[in-house]
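Here is a protein model to explore, one piece at a time. Have a look at it first, and then we'll walk through its parts together.

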Amino acid sequence: MTTQQETRPSAATKPVRWAADAVAMMREGARLRLDYSAQSLWRVDRMIEGLRDEGTPCAAVETTLRGLGAYAGEVIARQTGAEWWASGGEHWIRTPDGRLWDPIDEARRCFAGDGSLRLLCRDATRGQSREQSRW
């Protein structure tokens with residue numbers, strides 16, 4: 001039997017690991033259960049807002065934001081069949097319709113008060129134009 005991890009492109013290796021680390025960190029540190037559902041992204045957005053409201057320096061939570069962004073990317077990938085793409089150290093999700101999304105950057109924007117992982121997922125799965133294209 002082949003696992004999902006073995007059949008995924010190599011670009012997925014790091015973000016999948018970052019997402020899994022974020023799930024474990026949230027479960028153990030914040031007592032927050034993340035189940036890779038779109039509904040769980042409400043809790044993730046609130047967690048990021050809480051970090052911002054506490055005045056946490058961005059540099060102190062960069063790894064956390066990367067993990068939560070990767071988690072959101074995995075939610076999109078699991079719901080749409082999207083794949084991770086990587087170039088120059090950056091990682092994006094490409095949905096089956098060819099659009100590129102940047103959930104890791106969206107997590108950073110959420111921390112800055114100008115983004116939402118929940119809305120990014122909604123738009124990526126519904127096909128609305130909230131595209132994060134680099135081309």
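## The sheet

Keep in mind that this is a predicted model. Let's start with its open sheet, which is built from 3 strands in the order β1-β2-β3, paired in the antiparallel way. At the edges sit β1 (83-87) and β3 (100-101), and each of these pairs on one side only.

Now zoom in on one pairing. Strand β2 covers residues 90-94, and its antiparallel match with β1 runs over 5 bridges. Which residue is the bridge partner of W85 in β2? That would be W92.

## Two helices side by side

Next up are two helices. When two helices pack, people describe them by the angle between their axes and the distance between those axes. Here, helix α3 takes up residues 40-53 and helix α4 takes up residues 58-80. Their axes come within 11 Å and cross at roughly 165°. Angles over 145 degrees count as roughly antiparallel, so α3 is roughly antiparallel to α4. As for handedness, the crossing of α3 and α4 is left-handed.

Which residues do the touching? From α3 you get S40, L41, V44, I48 and L51. On the α4 side they meet V61, T64, L65, L68, Y71, A72 and V75. Sort the contact of α3 with α4 by class, and you find 10 nonpolar residues, 2 polar ones and no charged ones.

## A serine in a loop

Where is S37 found? Look in the loop between α2 (13-29) and α3. Is S37 buried or exposed? Its relative accessibility is 15%, and buried means under 20%, so S37 counts as buried.

What does S37 touch, if you skip its neighbours within four places in sequence? It is in contact with Y71, V75 and Q79. You have met two of these names already: Y71 and V75 also appear among the α4 residues that meet α3.

## The whole protein

Time to step back. How many helices and strands does the protein have? The count is 6 helices and 3 strands. Follow the chain along the sequence and the pattern reads α-α-α-α-β-β-β-α-α.

Two more numbers round off the picture. The protein has 135 residues, and 42% of them count as buried. Then take the contacts in the protein with a separation of 6 or more: residues 24 or more positions apart account for 58% of them.

Key: Residues numbered from 1 in each chain as written. Predicted model: local features only at pLDDT ≥ 70, side-chain atom pairs only at ≥ 80, totals over all residues. Heavy atoms only, no water. Pairing = 2+ DSSP bridges. Helix = DSSP H or I, 4+ residues; strand = E, 2+ residues; numbered from the N terminus. Axes fitted to C-alpha atoms, helices over the stretch in contact; angles between N-to-C directions. Parallel < 35°, antiparallel > 145°, perpendicular 65-115°, else oblique. Left-handed = near helix turned anticlockwise from the far one by under 90°. Contact = heavy atoms within 4.5 Å. Nonpolar A, V, L, I, M, F, W, Y, C, P; charged D, E, K, R; others polar. Buried < 20%, exposed > 50% of the residue type's maximum accessible area, 1.4 Å probe, protein only.
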